[in-house]
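Here is an informal look at one structure, with an eye on packing and charge pairing. Have the viewer open while you read.

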Amino acid sequence: MSAGKGFPEGFFWGGATAANQFEGGWDADGKGPSVIDQLTCSRDFAERFAGVGDYYPSHIGIDFYHRYKEDIALFAEMGFRMFRMSIAWTRIFPNGDELEPNEAGLAFYDDVFDELAKYGIEPLVTISHFEMPQYLVDHYGGWRNRKLIGFFERYATTLFERYQGKVNYWLTFNEINMATFLPQISIGSKAEAGESQEEVMYQALHHQFVASALATKAARAIDPENRIGCMIAYAPVYPLSAKPEDVWSAQRKEEEKLFFSDVHARGYYPPSKLAYFATKGINVTFEQGDEEILAAHTVDFISFSYYASSAASFAQSGVPGEGNALMGEKNPYLAESEWGWQVDPLGLRVALNTFHSRYQLPLMVVENGLGAVDEIVDGEIHDDYRISYLRDHVKAMRDAIVLDGVDLVAYTSWGCIDLVSAGTGEMAKRYGYIHVDRNNDGSGSLDRLKKDSFYWYQKAIASNGEDL
Ligand code: BG6
């Protein structure tokens, strides 16, 4: 793809979702419970993960399980060319370690893919999006256990065989780097007394990297048309000041994130990570053959989520390499959403350039958007704040394509239809072009309503990103 005047012909405009955040039907037709089905709704992470309260938002979600035809028709009306969704592992293998898949689960996704095909919408399927079987946590200790590689490989192979010809674009693990921030739903593993949580996490991640490479191998063997990508939660890290220590802290935090895409795209652990392991005494067991597997089956494209940028100072991060996953210091130059996420469209252009110059692989922005409270006035939702956020981010992507030569092939904004928040379980944190009548306590008719942003996106897509 060469640089031109705007978004390339055939650019994949669309929206993104995840099974556990919108399907509902959490125990329908043989589905087993996943890690996220145990979580309640609260802005307090500890409460949510402890299951305080008796409302479990993933259980009904927004009921896509029963309303997928209506929803896909709305996506088609907006002009979607790509729809990002995930498959619930527990619909296919309810416990995760079975030898045979659950036919009813497979059939559901057949129906969804057939419905998308009716409108010419290309599915982009995440194989694991924070929804591993709870059974694998309870009986195997989650991803720290090497057996999960085999279970995942069987699951992924089942999908590639079943959906051959229906799905060509796959992501293995959603936001694989979120293991540092949300280990409960990402790797399902925790340290026992006397163990280091960091070592357990890196071992679990190593298993995910190997599983991802083996899935990539299987996908290509089953259908050479398959394209496999990784998915990184990305927020560029700016130094809070020009103080060399702040610049250094920002650079180290940046390296921490890019470690994940390095392994997926280059096929080996970067020297900086090996040096970090050595300094910290972290021992990650590589079995014989692992290095070759990682090297042989790297990804075809890089995908990432982008909501906000972050900033780092030496004062806050202290020793380089430590600190939280995404959000750092508050950047005094940026406004923030009600949930404290700092809005920075130029940061998306920075992100695209970072990935492009590092890997020179096609890129997909598979999550982006503004979580905001919407108000219905006389049966309408005038969400200009959302339109303004999206418009500025689309412009930043166009600049990256036209002015910087970035090879961007898809944009699937997050939560194209209102869905349950991954972080808090809330419905009030809405991202959608389509409103869903559902509240934080589970009340509401589940009726769908088009917001002003629905018509804006429809126009943006019809003009291939020109009429914003
Ligand atoms: C990403 C996840 O972290 O951000 C999504 O891949 C999530 O699952 C999205 O929903 C937005 O976060 P939140 O907490 O606002 O839902």
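What follows covers one helix pair and then a few salt bridges.

Keep in mind that this is a predicted model.

**A helix pair**

Start with helix 3 (residues 64-78) and helix 5 (residues 103-118), whose axes come within 10 Å and cross at roughly 10 degrees. Angles under 35 degrees count as roughly parallel, so helix 3 is roughly parallel to helix 5. Which residues meet there? From helix 3 you get F64, Y65, Y68, K69 and I72, and from helix 5 F108, D111, V112, E115 and L116. By type, the residues of this contact split into seven nonpolar and three charged, with no polar ones.

**Salt bridges**

Now for the charges. Side chains of opposite charge can pair when their charged atoms come close. Searching the whole structure turns up 31 salt bridges. Here are three of them, with N to O distances.

| Pair | N to O distance | Separation in sequence |
|---|---|---|
| E338 and R43 | 3.7 Å | 295 residues |
| R146 and D290 | 2.8 Å | 144 residues |
| D418 and K451 | 2.8 Å | 33 residues |

Take E338 and R43, which form a salt bridge with their closest N and O atoms 3.7 Å apart. E338 sits in the loop between helix 13 (314-317) and helix 14 (345-359), while R43 is in the loop between helix 1 (19-22) and helix 2 (45-50), so the pair ties together parts that are 295 residues apart in sequence. E338 counts as exposed at 52% relative accessibility, and R43 as partly exposed at 46%.

R146 and D290 also meet in a salt bridge, at 2.8 Å from N to O. R146 belongs to the loop between helix 6 (134-140) and helix 7 (147-162), D290 to helix 12 (residues 290-296), and this pair links distant parts of the chain. Is D290 buried or exposed? D290 is buried, with a relative accessible area of 1%, whereas R146 is partly exposed at 26% relative accessibility.

That leaves D418 and K451, joined by a salt bridge of 2.8 Å, N to O. D418 lies in the loop between strand 10 (408-414) and strand 11 (434-436), and K451 in the loop between strand 12 (448-450) and helix 16 (452-462). D418 counts as buried, at 0% relative accessibility. K451 is buried as well, with a relative accessible area of 0%. Through salt bridges that share partners, D374, D383, R386, D418, R430 and K451 join into one network.

Methods:
Residues are numbered from 1 along each chain as its sequence is written. This is a predicted model: local features need pLDDT of at least 70, side-chain atom pairs count only at pLDDT 80 or more; totals for chains, interfaces and linings use all residues. Side-chain values use heavy atoms; hydrogens and water are left out. Axes are lines fitted to C-alpha atoms, for helices over the stretch in contact, and angles run from 0 to 180 degrees between N-to-C directions. Helices (H or I, at least four residues) and strands (E, at least two) are DSSP runs, numbered from the N terminus. Angles under 35 degrees count as roughly parallel, over 145 as roughly antiparallel, 65 to 115 as roughly perpendicular and the rest as oblique. Contact means heavy atoms within 4.5 Å. Ala, Val, Leu, Ile, Met, Phe, Trp, Tyr, Cys and Pro count as nonpolar, Asp, Glu, Lys and Arg as charged, and the others, Gly among them, as polar. A salt bridge is a side-chain nitrogen of Lys or Arg within 4 Å of a carboxyl oxygen of Asp or Glu. Buried means under 20% relative accessible area, exposed over 50%, partly exposed in between (1.4 Å probe, protein chains only).
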